[in-house]
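Visitor: I'd like a close look at one single part here. Could you take me through the aromatic pairs and the helix that carries them?

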Amino acid sequence: MSINCSLWQENSLSVKRFAFAKFSEVPGECFLLFTLILLMFLVSLTGNSLIALAICTSAALHTPMYFFLANLSLLEIGYTCSVIPKMLQSLVSEARGISREGCATQMFFFIFFGITECCLLAAMAFDRYMAICSPLHYATRMSRGVCAHLAIVSWGMGCIVGLGQTNFIFSLNFCGPCEIDHFFCDLPPVLALACGDTSQNEAAIFVAAVLCIFSPFLLIISSYVRILIAVLVMPSREGRHKALSICSSHLLVVTLFYGSTSATYLRPKSDHSPEVDKLLALFYTAVTSMLNPIIYSLRNKEVKAALRKTLSLKKVLIMNR
């Protein structure tokens, strides 16, 4: 459905307000998608909040691995909250508009949390490498100070890239149409509405994707190659199984996240399809955020024990009110 932008411009040079494309003209399809996304959103918020709370309140989980996991859980909460509420509103309401400033803000937080997640996943892979390949030096090389620095660098990198990319894109003029063919203010669909030559912006997005998505991924791959070599020479079968089980959850999360984001941002422009991009965006914003707490707690006895303790404590507090 096309939207007339004439009332949405302060002058003839640039659109001041955008609208998200309608998912479907059939109300039933929109309501079904709304229900599914809302359920995934609530599961994601609940699961990530419980994991972050369990790690903070359980002394047994005050280790580097769980420190990064707590950061990842808090990040997932921010990631989903920056995108999904507006997405839900657009699915069931005619109020699908968003101001230029609101769109820029949403894009910044989306990039900020996305790049930070790439860096945190790399930091978690490095932590696993140090724990398995250099266990005697693990305590000193992965001290609290080192872990804090890795987390600060991860969050700082996300902030810098988010500010740079958002400012670069919204320094452009948007002459219309004003309809974003997407669920939220993602980079490619917003850039498609800009006036004039956007080749420099597209190149900047690709370079940022290579540096901030592909580079951490290479670090993850190199860490796991060394881990695999170390595991294969372990004399104990039990030791090999324990090492692989520790890494399996992180590997699955990396595969889910990097698979969808790489397919979105590292594909040639000619291969982009709005429908495919929407499905991929839905996957890495809603589905992976919902699955992460399930993946990390399903086969982890320490996390499950901490979660049971946290839930039982909450029940006691409720009963004593």
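Guide: Let's start with two rings: both phenylalanine 108 and phenylalanine 112 are buried (under 20% relative accessible area with a 1.4 Å probe, protein chains only; exposed is over 50%, and partly exposed lies in between). Bear in mind that this is a predicted model, where local features need pLDDT of at least 70, side-chain atom pairs count only at pLDDT 80 or more, and totals for chains, interfaces and linings use all residues. Residues are numbered from 1 along each chain as its sequence is written, and side-chain values use heavy atoms, with hydrogens and water left out.

Phenylalanine 108 and phenylalanine 112 sit four residues apart in helix α3, about one turn of the helix (helices are DSSP runs of H or I, at least four residues, numbered from the N terminus; strands are runs of E, at least two). Their rings make a stacked pair, 5.7 Å centre to centre with 5° between the planes (rings of Phe, Tyr and Trp, the last by its six-membered ring, pair if their centres lie within 6.5 Å; planes under 30 degrees apart are stacked, over 60 edge-to-face, the rest tilted).

Further along, phenylalanine 126 and tyrosine 129 form a tilted pair, at 6.2 Å centre to centre and 40° between the planes. Those two also lie in α3, three residues apart, again about one turn. Phenylalanine 126 is partly exposed, at 29% relative accessible area.

Back at the stacked pair, ring pairs link Phe108 and Phe112 with Phe109, Phe113 and Trp155 into a cluster. Across the whole structure, a search finds 16 aromatic pairs.
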